[in-house]
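Reader: I am new to this structure. Please choose a single part, take me through it closely, and then place it in the whole.

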Amino acid sequence: VVSIDARDGEVRTEGWTAGSGLNALQFALTIAEAGVTTIMFTDIGRDSTLTEPNFEALEELVRTLPQCRIVASGGVAQVAHLVRLSEIGCTGAIVGKALYEGTIDLSEAIAAVERFSVSETAEA
């Protein structure tokens, strides 16, 4: 698993304080070509905000890198966010602050995503 931490599409390093000059999508393509199969993408502008994930960037990663599993991080605040991430093809999500703050009930979240996965399998 390689984690890509980005702000406004640029990979950030040094604890998110330094810009790298690398485009996050281009970097993801490079590491996928090198054999990475799972990418955790953190939109650091949304991390710990409990707003919503960067669905657009995550959907672009899923669409561009169908050979990779994409794990979403940053901004997840409610079960509906997890369902939408499943719908766009993310294989996982980091929900630490949402669990800590109580905006997501873990049992409810697991059940909702399982329901989505079961209905997707039945339709296929």
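Author: What follows looks at one helix, H2, and then works outward from there.

This is a predicted model, where local features need pLDDT of at least 70 and side-chain atom pairs count only at pLDDT 80 or more, while totals for chains, interfaces and linings use all residues. Residues are numbered from 1 along each chain as its sequence is written, and side-chain values use heavy atoms, with hydrogens and water left out.

Start with the order of the parts. The protein has five helices and six strands. Both are DSSP runs numbered from the N terminus (helices are H or I, at least four residues; strands are E, at least two). From the N terminus, the order reads β-β-β-α-β-α-β-α-β-α-α.

Now to H2. This helix covers residues 55-64. Its buried residues are Phe55, Ala57, Leu58, Leu61 and Val62. Here, buried is under 20% relative accessible area, exposed is over 50%, and partly exposed lies in between (1.4 Å probe, protein chains only). These five residues share one side of H2, because they cover an arc of only 165 degrees around the axis. That arc is taken from the directions that run from the helix axis to the C-beta atoms.

What does this side of H2 meet? Its buried residues pack against two helices, H1 (24-33) and H3 (79-88). They also pack against two strands, S4 (38-43) and S5 (69-73).

H3 deserves its own look. Val79, His81, Leu82, Leu85, Ser86 and Ile88 are the buried residues of this helix. Take histidine 81, which sits in H3. Its relative accessible area is 6%, so histidine 81 is buried. Setting aside neighbours within four places in sequence, histidine 81 touches Thr51, Glu52, Pro53, Phe55, Gly75 and Val76. A contact is counted when heavy atoms lie within 4.5 Å. One of these partners, Phe55, is also one of the buried residues of H2. Histidine 81 can be placed against a later stretch of the chain too. Alanine 109 lies 28 residues away in sequence, and the two C-alpha atoms are 9.7 Å apart in space. Just after H3 comes glycine 89, with a positive phi of about 110 degrees.

Aspartate 8 also has a positive phi, near 50 degrees, and is not a glycine. Most residues other than glycine have a negative phi. Aspartate 8 belongs to the loop between strand S1 (2-7) and strand S2 (10-13). With a relative accessible area of 77%, aspartate 8 is exposed.

Next, the charged pairs. Side chains of opposite charge can pair when their charged atoms come close. The whole structure holds two salt bridges. The term covers a side-chain nitrogen of Lys or Arg within 4 Å of a carboxyl oxygen of Asp or Glu. In one, arginine 12 pairs with glutamate 10, and the closest N and O atoms are 3.7 Å apart. Arginine 12 counts as buried at 19% relative accessibility. Glutamate 10, at 25%, is partly exposed. In the other, aspartate 43 meets arginine 46, at 3.5 Å from N to O. Aspartate 43 is buried at 9%, and arginine 46 is partly exposed at 23%.

Finally, step back to the whole. The C-alpha trace spans about 40 × 35 × 20 Å along its principal axes. The radius of gyration is 15 Å, which agrees with the value near 14 Å for a compact globule of 124 residues. This radius is taken over C-alpha atoms, and the globule rule is 2.2 Å times the number of residues to the power 0.38. Of the 124 residues, 38% count as buried. Among contacts with a separation of 6 or more, 59% join residues 24 or more positions apart. The protein exposes about 6,800 Å², and carbon and sulfur atoms supply 50% of that area. Accessible areas come from the Shrake-Rupley method with a 1.4 Å probe; for residues, only the protein chains shown count as cover.
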